[in-house]
Amino acid sequence: MKTPNIDLKNLKNKAKNEIEKAEDLKELNDIFKRYLGKRGELTQVLRSLERLPKAKRVKVGKEANELKNFLRIKCEQKVKEIKEKIKKETAKIEWIDITRPGKKLVLGHLHPLSQVKNKTEEIFQLMGFSVVEGPEVETEWYNFDALNIPKDHPARDIWDTLWLKEPENQKSKIKNQKLLLRTHTSPVQIRYMKKNNPPLRIIVPGRVFRHEATDASHEINFYQIEGLMVDKKVTVVNFKAIIQEFFQKFFEKPIKIRLRPGFFPFTEPSFEVDMSCLACKGKGCSVCSHTGWLEMMGAGMVHPNVFKAVGLNPKNWQGFAFGMGLDRLAMMKYKINDIRLFYSGDLRFLHQF
Ligand SMILES: [Zn+2]
């Protein structure tokens with residue numbers, strides 16, 4: 001029987017060397033297999049022990065088992081070492097410095113018209129008004145007839161209306177009613193009063209449309225805010241107090257208002273509302289055409305025919321209604337001289353608010 005040539009010392013040095021030089025887990029695994037796998041060098045030594053004479057078998061067997069344990073431990077240590085190294089390298093790449101100043105995100109902000117709308121709503125809500133909205137596409141009954149503007153009434157000529165063509169298949173739904181883009185927010189007064197009984201206080205912000213040429217103070221679409229208060233004994237005095245309070249809160253300075261006679265088909269009496277000029281405090285300047293006053297809104301006491309249109313008895317109820325341009329309010333607040341800037345989408349303009 002041939003005695004196997006076993007050089008454990010050499011084997012140990014060779015394996016130890018290879019383990020220490022291993023760069024990654026895969027290489028280490030290969031080394032492990034090469035020595036301790038099924039056909040590994042050391043495994044074969046252990047298998048060949050039976051062929052040794054007994055005295056030598058015990059000695060070599062002990063040494064071989066010790067070497068097996070030694071290599072196992074060595075491999076485990078190396079695994080830890082490699083994992084540690086990977087962790088450090090990853091940390092180097094994915095390192096987060098929590099003390100570093102952050103990148104500033106570019107945040108947008110609300111459009112000046114939205115800001116003015118929000119502020120207006122807030123002030124009226126504090127005075128007990130609810131915010132109500134209505135459709136932008138209206139029937140001619142809501143936009144004109146119910147507001148005391150009959151077909152042959154000359155007031156219908158005040159607004160050049162954008163009429164809509166109805167698709168054939170929808171014509172039956174609203175009988176004999178032409179559709180249009182609402183020319184004012186007043187139809188919402190009608191819609192609201194048909195569904196809700198007085199006393200009521202509402203404001204109606206919304207987009208309105210006019211078929212007209214644009215210039216510095218005219219746009220084909222703009223924003224209005226409508227107001228309506230109805231109760232047993234609502235008078236012009238209530239109106240004046242509420243509107244003065246609104247302007248003072250909105251412009252954050254003391255403001256005087258005055259009423260001038262005006263005409264609107266849906267109010268009687270009707271008046272134009274002026275407020276003291278912000279630029280000259282009423283002394284007269286170029287902003288107010290040297291009158292000391294700025295035209296701010298149209299208003300009046302709800303016309304009896306409007307109450308009748310919604311089924312309320314004008315003898316039991318009275319109230320005021322008003323309408324003003326949100327664009328105009330914003331132009332006054334921010335001293336903007338061209339309404340078209342609001343709709344131009346020019347960031348140089350918008351970033352100023
Ligand atoms: Zn002035």
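In this predicted model, His290 sits in the loop that links β8 to β9. Its phi is near 60°, a positive value in a residue other than glycine. With a relative accessible area of 60%, His290 is exposed. Lys335 makes a natural companion: its phi is near 55°, again positive in a residue other than glycine. Lys335 belongs to the loop between α10 and α11 (347–350), and at 71% relative accessibility it counts as exposed. As background, most residues other than glycine have a negative phi, and most peptide bonds are trans.

The second half of that background applies to two proline sites. Pro198 and Pro199 are joined by a cis peptide bond, with omega at about 5°; Pro199 is part of the loop between α7 (187–195) and β5. The other cis bond runs from Glu268 to Pro269, where omega is near -5°. Pro269 falls within a strand, namely β8.

Stepping back to the whole chain, there are eleven helices and ten strands. The radius of gyration is 44 Å, well over the 20 Å that the globule rule gives for 353 residues, so the protein chain is more spread out than a compact globule. Along its principal axes, the C-alpha trace spans about 130 × 55 × 40 Å. Of the 353 residues, 40% count as buried. Among contacts with a separation of 6 or more, 66% come from residues 24 or more positions apart.

Now for the sheet. Seven strands form an open sheet with mixed pairing, in the order β1-β5-β6-β10-β9-β8-β7. At its edges stand β1 (130–131) and β7 (257–262); each has a single partner strand, so one side of each is left without a neighbour in the sheet. The partner relation between β7 and β8 (residues 267–276) is antiparallel and involves six bridges. Within that pairing, Ile257 has Met275 of β8 as its bridge partner.

Two helices pack on this sheet. Helix α5 touches β1, β5 (200–209), β6 (221–231) and β10 (318–325), and its direction makes about 165° with that of β5. Helix α10 (residues 326–334) touches β6, β9 (293–302) and β10, with its direction at about 60° to that of β10.

Looking at α5 by itself, the helix covers residues 112–126, a run of 15 residues. From first C-alpha to last it reaches 21 Å, close to the 21 Å expected at 1.5 Å a residue. Its buried residues are Pro112, Leu113, Val116, Thr120, Glu121, Ile123 and Phe124. On the general side, an α-helix has 3.6 residues a turn, so residues three or four places apart point the same way. After α5 comes Gly128, with a positive phi near 90°.

Phe124 also turns up in the account of the nonpolar interior. The largest nonpolar core has 47 residues, and those with the most contacts inside it are Phe124, Phe247, Phe251, Phe322 and Leu329. Helix α8 (residues 236–251) gives the most to this core, contributing seven residues. Apart from it lies another core, of 23 residues, which includes Tyr142, Met193, Val230 and Ala321.

What does Leu329 touch, not counting residues up to four places away in sequence? Its contacts take in Val116 and Thr120, along with Phe246, Phe247, Phe250 and Phe251, and finally Met296 and Met324. Two of these partners, Val116 and Thr120, are among the buried residues of α5.

The last site to mention is Asp215, placed in the loop between β5 and β6. Is Asp215 buried or partly exposed? At 32% relative accessibility, Asp215 counts as partly exposed. Leaving aside neighbours within four places in sequence, Asp215 is in contact with Asp338, Ile339 and Arg340. Asp215 and Ile339 are 124 residues apart in sequence, yet their C-alpha atoms are 7.9 Å apart in space.

Definitions and conventions:
Residues are numbered from 1 along each chain as its sequence is written. This is a predicted model: local features need pLDDT of at least 70, side-chain atom pairs count only at pLDDT 80 or more; totals for chains, interfaces and linings use all residues. Side-chain values use heavy atoms; hydrogens and water are left out. Helices (H or I, at least four residues) and strands (E, at least two) are DSSP runs, numbered from the N terminus. The expected span of a helix is 1.5 Å times one less than its number of residues. Buried means under 20% relative accessible area, exposed over 50%, partly exposed in between (1.4 Å probe, protein chains only). A nonpolar core is a set of buried Ala, Val, Leu, Ile, Met, Phe, Trp, Tyr and Cys residues joined through side-chain atoms within 4.5 Å. Contact means heavy atoms within 4.5 Å. Two strands pair if DSSP finds at least two bridges between them. Axes are lines fitted to C-alpha atoms, for helices over the stretch in contact, and angles run from 0 to 180 degrees between N-to-C directions. The radius of gyration is taken over C-alpha atoms; the globule rule is 2.2 Å times the number of residues to the power 0.38.
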